[in-house]
Amino acid sequence: MKGKEMTLIDWQKQYGTEEGCAQALIERRWPEGFRCPCCGHDGGYSIKTRGYWECSQCHKQTSLTAGTLFHSTNLPLTKWFWAIYLVASDKGGISALRLSKQINVSWITASRMLRKIRIAMGHRDSIYRLHELIEIDDALIGGRHAGGKRGRGAEGKTSVLVAIENREKRAGFIAMQQVSGVNGETVSQFVKRHLSPDQCVRSDALPSLAEIGKTQNHTARVTPPDKAGEWLP
Ligand SMILES: [Zn+2]
């Protein structure tokens, strides 16, 4: 459900009924039509009770929701889809209490749903690869010494690598990762994990960041402090 934002009305139209939600699952699960996971046969028919499909060759029944977020749930799919909409559209993070009132389920059920949805969304984020124009930098975070030394090498702080998609005047997706230190190896692993190959990447001229150039179209330059706002909006 990534892509352009849907309005409440669009959502209601598409996912307002059990049939609509089931259709969305079918399209994602079997984009080229039903295929039996047991014998590979491509013919089957749906059984109305709780979204099962039966293979017309081996007659094995497959649950539409098996292996999905909605597996072994007694809730209507519409409630799940509304929960996903509410989680995705609430920037501050919807609470279990609020969700329970909105979709009329118990607080316990709502908190279980939230947990599952957040894990699924986190998984989606973890397989996303940044692309196009990307800025990479390292940063030091935390530490107990308020007002201590700034910049690289400050003691008690944690190194973090940050990559951000530069979409002109705004930021796109961001990848952040804690690393043991900023060196060729950690930089190379970070880039491999979060970026598609051969993207345009800009960073400052720190020698360990030169590693980026091995798999990416890399430009390194020293950013003068007075240019930071302009070059790295
Ligand atoms: Zn079969």
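**Zinc site and nonpolar cores**

Colleague: In this predicted model, what is the geometry of the site of the zinc ion?

Modeller: The structure is a predicted model. The zinc ion has four donor atoms, and the angles among them run from 105 to 115°. Four donors count as tetrahedral if all angles lie between 85 and 135 degrees, so the site of the zinc ion is tetrahedral.

Colleague: Which protein donors hold these positions around the zinc ion?

Modeller: In sequence, the donor residues follow the spacing C-x2-C-x15-C-x2-C. Each donates through its SG atom, at 2.3 to 2.4 Å from the zinc ion. The donors are Cys-36, Cys-39, Cys-55 and Cys-58.

Colleague: How many residues apart are Cys-36 and Cys-55, the pair that links distant parts of the chain?

Modeller: Cys-36 lies in the loop between helix H2 (18-29) and strand E1 (44-47). Cys-55 belongs to strand E2 (residues 52-55). Their separation in the chain is 19 residues.

Colleague: Is Cys-36 buried or exposed?

Modeller: Buried means under 20% relative accessible area. The relative accessibility of Cys-36 is 3%, and because this value falls under that cut-off, Cys-36 counts as buried.

Colleague: Which element gives the largest share of the largest nonpolar core?

Modeller: This core has 33 residues, of which Phe-70, Trp-80, Phe-81 and Leu-99 touch the most other members. Elements giving two or more residues to the core include helix H1 (8-15), helix H3 (77-89) and helix H5 (107-126). With eight residues, the largest share comes from H3.

Colleague: How many residues make up the second, separate core?

Modeller: Among the members of this second core are Ala-175, Val-187, Phe-190 and Val-201. The core is separate, and its residues number 16.

Conventions
Residues numbered from 1 in each chain as written. Predicted model: local features only at pLDDT ≥ 70, side-chain atom pairs only at ≥ 80, totals over all residues. Heavy atoms only, no water. Donors = N, O, S within 2.8 Å, 3.2 Å for Na, K, Ca; no water. Tetrahedral: all angles 85-135°; square planar, octahedral: opposite > 155°, others 65-115°. Helix = DSSP H or I, 4+ residues; strand = E, 2+ residues; numbered from the N terminus. Buried < 20%, exposed > 50% of the residue type's maximum accessible area, 1.4 Å probe, protein only. Core = buried A, V, L, I, M, F, W, Y, C linked by side-chain atoms within 4.5 Å.
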